Amino acid sequence: MDVRVGLGIDFHRLTPGRRLVLGGVEIPHDRGLAGHSDADVLLHAICDALLGAAALGDIGQHFPVGDPAYAGISSLELLKRTVALLAQAGYVPHQVDAVAVVERPILAPHIPTMRERIAAALGVETSAVSVKATTPEGMGTLGRGEGIGAWAVALVRTFPGSVRPREPPESSTGKHRHMDDSREAGQDARL
Ligand SMILES: [Zn+2]
């Protein structure tokens, strides 16, 4: 059995007039995250960690910003599609640990539901999914509540009895549109 680890990091701006969706859960708040999809920054970090573990690039390559197919899409659906991409490469998710860095709102009451929904999308036990939250203590842009950041690590393993995973496809452009600066390209420049 081959085991690999991946890292994912994402940031989105908070803006009025948007729903706040984190970890697949809609959370009551006066602002939401800007983006082309539901902008679930926590799930995007987990997707990138899973893709990174399998060396399959990032979610901006697989689900391009601006593609109408992904406008407003639930990131739980993107997470399921990420799991399908991993399966094509011979991997299954094994375990995830994720941290949201957010000044407000308080996430603790929502974390059990987040873990259940993430685990269901990944096809693992809830005990294999950890979600944590920390505040920036008022420091910097995240501390001023301008946005939310998320970090995640994921462990993936090969299918039981599977042979070596196939090589991932060549990167199409090498350009990370997911990481484009939304101030220059408009609010929907991020997935
Ligand atoms: Zn994102």
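**Strands, loops and confidence in a predicted model**

Student: Where is Ala39 found, and is Ala39 buried or exposed?

Tutor: In this predicted model, Ala39 is found in the loop between strand E4 (32–33) and helix H1 (41–53). Its phi is positive, about 65°, although Ala39 is not a glycine. A residue needs 20 or more other C-beta atoms within 10 Å to be buried. Ala39 has 28 C-beta neighbours inside 10 Å, so it counts as buried.

Student: Ala55 has a positive phi near 55° too. Is Ala55 buried, exposed or partly exposed?

Tutor: Let's place Ala55 in the loop between H1 and helix H2 (59–62). A residue is exposed with 12 or fewer neighbours and buried with 20 or more. Ala55 has 13 C-beta neighbours inside 10 Å, so it counts as partly exposed.

Student: Which residue in E7 stands opposite Val101?

Tutor: Good one! Strand E5 (residues 91–101) and strand E7 (residues 147–158) run antiparallel, joined by ten bridges. Opposite Val101 in E7 stands Gly149.

Student: What handedness does the β-α-β unit of E5, helix H4 and E6 have?

Tutor: Start with the strands: E5 and strand E6 (residues 129–134) run parallel, with six bridges between them. As one pairing, Ala100 stands opposite Ala133 in E6. With helix H4 (residues 111–122), these two strands make a β-α-β unit that is right-handed.

Student: Which residue does a cis peptide bond join to Arg104?

Tutor: Look in the loop between E5 and H4. The omega of this cis bond is about -5°. The partner of Arg104 is Pro105.

Student: What is the mean pLDDT of the protein chain?

Tutor: Of its residues, 85% reach 70 or more. Over residues 173–177, though, the pLDDT is below 50. For the protein chain, the mean is 90.

Definitions and conventions
Residues are numbered from 1 along each chain as its sequence is written. This is a predicted model: local features need pLDDT of at least 70, side-chain atom pairs count only at pLDDT 80 or more; totals for chains, interfaces and linings use all residues. Two strands pair if DSSP finds at least two bridges between them. Helices (H or I, at least four residues) and strands (E, at least two) are DSSP runs, numbered from the N terminus. A crossover is right-handed if, with the strands pointing away from the viewer, the path from the first strand over the helix to the second runs clockwise. pLDDT is the predictor's confidence in each residue, from 0 to 100. Two residues are in contact if their C-beta atoms, placed from the backbone, lie within 7 Å.
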